[in-house]
Amino acid sequence: MKKFLFVMLLSGMLAAQLSRSYAAESNATVTAAQKEGKVVIYSSTDSASVEPLLQDFKALYPFLQVEYNDLNTTEIYNRFTAEAASGTGTADFMWSSAMDLQLQLASKGNALSYASPEISGLPKWAVWQNQAYGTTFEPVSIAYNKRLLPADAVPQSHADLIRLMKEKHDVYKEKIATFDPEKSGVGFLMMTQDAKVFPQFWDLAKGLGATGAKVYTSTGAMLEKVGSGEHTLAYNIIGSYVLLRQKKDPSLGLVLPKDYTLVFSRIAFISKTARNPNAAKLFLDYVLSKRGQTVMSEKSLVYSIRSDVPGPITAAGLTKDLGKALKPIEVNTDILAGLEQNKRLEFMKQWKEALKR
Amino acid sequence: MSRTLRSFAVIGVALVVFGPLGLIIYQSFLSEAFFSPTASLSLGAYRYVLTDSGFHSAFGTSLLVSLGMTLISVPLGSLLAFLLVRTDLPGKKFLEPWLLVPIFLSPVVLAFGYVVAVGPVGFFSLWTKALIGRVPWNLYSLYGMILIAGLEAARVAGAGPWRIAATVSLPLVLPSILFSAALIFLLGFELFGLPLVLGDPAGLLVLTTYLYKLTNLLGVPSYHLMAVVALSIVALTFPLVYAQRRMLRTAGRFAVIGGKGQAFRPLPLGALRWPAVAIVLLWLVVTVLLPLIGVALRSVVSQWGEGIKLFDVLTLDHFRELKGYPNLVRGIVNTLLIGSIGGALSVVFYAIIGLAAHRWQSRWVSFLDYLVMLPRALPGLIVGLAFLWVFLFFKPIAPLRTTLFSLWIAYTVVWLAYGLRLISAALLQVKPELEEAARVTGAGQGTVYRDVTLPLIRFGLIGSWLLVFMMFVREYSTGVYLLGPGTEVIGSLIVSLWGTGALDLISALSVIEVALVGLILFIALRLGVRLDA
């Protein structure tokens, strides 16, 4: 632990050092970006929640125009692949929560290699070959309705959930929502990770089936229905979304499971065929920087990945609470195993059998 | 003149339809995305889809939904049309626009409106529960979905016979009713918003949601499989159009704007007057008021559902929050532009095609009949992609992609069948004798159109413009891939908000949209635009 702290301290100091020398180091990049004048971004992060980040970035580089396209993950992939193939130019900066699709694009040579000066501030697992960068540290959580779920029925861990679904069958009957792995890539990714780290995952799946859980394609629809009480609990919800909703809906509760909490990260890369590569580099550096990550944590309520950003909505804050129970989904080609057709279909089949659908 | 016009019509329509459709057909015979360097010719996609039990059951469910929807909407729509047009129903003038105007909510929002109003913990459900102790309906059943879809579609079913019922007697309307039935049957296969919101959580798959599944099932979007599913719906149009054409052979009989003046006396309903009003009102409550109230309520509450008192949670925050979306104003302006100016241009285009096919006895007309139906048969999910591909890979029009023109072209093509039906309904009312009279006095075909036909249908054209405007304003899936910063439309903003789940904001935005379009409609009707002309 001491050693760990020391490393953290050291990397923190190093990062501080780097951000101080930041402007000088990327001088050439800044000049080139100035000539480019703008950066085109495809992102699955909601434009309202990202607004503070963009404002701050524009304050830092007033000469850059930011063309922010708020798209869903499938749209990002569809647009990018078709545009890249047609040679008509596409996004400079790709930022999506579909970790597997992003990594697949990067691994097929669509990403620019660029060693961001901020790398030292990131965990090792968050950077893939200086091409794809994990930009956030978001716990996969359980959301529930505080008005309706009795305190003794709120699960604190995955094992708890399995037990409660059995013991309080009536409370949970048709009241649980979760992702449909067949239609949602993010949902599929989380469930396959669950299956990897949690030996009883299939018991959990069977429990979901036995209680008649409903499956969804969007986090928003699930949270809406948990808020209204149509469902009382939603399993595998990205924590940042719950925090955002809590601002408006005080009846939403958030549990980070104690036995293990998956950590999910929105992946960014710079397009190899970017028309404004330098502006994109500035944006990537900014998003990964302490300044950008602080804005993200404090204003956008998205968990920061940097260990040197203090506060509750950060990797540091989560580590303090959960320590080793945090299981980050690492940014590397292991994720791509889920895209392998036969394995994927096998998983879906098993899921449907468990769910009895 | 007439030859040029006709060749233009056939070639023009063929080009705009086969552009996107051709790409999809091509895609269906490949092993992966057509633009991928490793794509090869293959029948694998057909083999996979046609032998997949998921496809079979989704197809079966869609068939059931389509049939049910048609069986509900066609008799009901015809009845409503008849009541409003041919009888002395009380309050007719007031009710008419409510019945004719397609509800201008995106389908997903409409479905969500039902969830908020009559879902398990919806406002009306909880009030009912408080009164009688239980909720006697289940929104999330296959039959609930069919019922709602059928009731909603009654409007479409009525709109066709409407224009004709205004002046002729019921038996003569029959072919038009059957025509509407075919269209609705097809629309049943296209339903996406309702099944996604109402059926999907419980695992109820229809063809469009099955298609949706194919974007993720194999990891990356499987265009070749999606193309095959889309083509299976396209294939359905052939028997439908064939049946339709057989029924419409007697089209000459509709002509009613003739040389002789005619007067109609509405049929007195007598004692049936009030039951008839009750039916119309009940239908309005279910298809318009319930979802609209649901959406409107959601836009002014911070939370809702079980254990919430309405008066504790009222707020205007969601409307205020919309200010945080800088692209919103642009989206509204663009939507109105594309609906009004774009809609007018589309009506001109539809009118040219309509005139070209007007009184033309040729095989080319039947070719056109099949052709115009095809774009509507393509599900929204794939139409949007197909247009993206067309604008990306067909270089001469590539520069248009980032402008509103690309959206306009896509909308015009997708609504071809609807627009042409409006135009031809107007054209069918013109008796040949008027045009023949002009021709006898030496007028060329161009002069006949300009001086006789067009002036006679001008009210029909303006009414069509208004209806096309409504369709364009609520359109959302077609343009998803053509939008960029600067060319947002409301429909697309709703889609992107849906992704992140800001349903409160979507509701607020939809309320603004409904109010805005309602205002425009009100002004238009005040100015004397007639929807049934």
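In this predicted model, strand S7 (residues 176-179) of chain A runs parallel to S9(A), and the pairing spans three bridges. One point of register is easy to pick out here: Ala177(A) sits opposite Ala234(A) of S9(A). S9(A) also pairs with S6(A), this time in the antiparallel sense and over five bridges. On that side, Val140(A) faces Ile238(A) of S9(A). As for burial, six of the six residues of S9(A) are buried, so the strand is largely enclosed by the rest of the structure.

S9(A), spanning 233-238, turns up again in the surroundings of helix H11 of chain A. This helix covers residues 239-246 and is mostly covered itself, with six of its eight residues buried. The buried set consists of Gly239(A), Ser240(A), Tyr241(A), Val242(A), Leu244(A) and Arg245(A). So what do the buried residues of H11(A) pack against? Their partners in chain A are a mix of helices and strands: helix H3 (47-60) and helix H10 (219-228), plus strand S6 (138-145), strand S9 (233-238) and strand S10 (252-255).

Zooming out, chain A splits into two pieces, each built from two stretches of sequence: domain 1 takes 2-137 + 265-313, while domain 2 takes 139-263 + 338-355. Their centres, taken over C-alpha atoms, are 29 Å apart. Where the two meet, 14 residues of domain 1 of chain A are in contact with eleven residues of domain 2 of chain A. Helix H5 (residues 99-110) of chain A gives the largest share of the domain 1 side, namely four residues. By residue class, that domain 1 side comes out as eight nonpolar, five polar and one charged.

Then there is the contact between chains. Here 43 residues of chain B are in contact with 52 residues of chain A. Which helices of chain B each supply at least two residues of the side that touches chain A? They are helix H10 (207-213), helix H16 (380-393), helix H22 (490-500) and helix H23 (503-526) of chain B. H16(B) makes the largest share of that side, with five residues. As for its make-up, the side of chain B that touches chain A breaks down into 25 nonpolar residues, 15 polar ones and three charged ones. The counts above are contact counts, with 43 residues on chain B and 52 on chain A; the size of an interface is often quoted instead as the accessible area lost when the parts come together.

Terms used: Residues are numbered from 1 along each chain as its sequence is written. Chains are lettered from A and ligands numbered from 1 in the order in which they are written. This is a predicted model: local features need pLDDT of at least 70, side-chain atom pairs count only at pLDDT 80 or more; totals for chains, interfaces and linings use all residues. Two residues are in contact if their C-beta atoms, placed from the backbone, lie within 7 Å. Ala, Val, Leu, Ile, Met, Phe, Trp, Tyr, Cys and Pro count as nonpolar, Asp, Glu, Lys and Arg as charged, and the others, Gly among them, as polar. A residue is buried if 20 or more other C-beta atoms lie within 10 Å of its own, exposed if 12 or fewer, and partly exposed in between; C-beta atoms are placed from the backbone. Domain bounds come from an automatic or database domain assignment. Two strands pair if DSSP finds at least two bridges between them.
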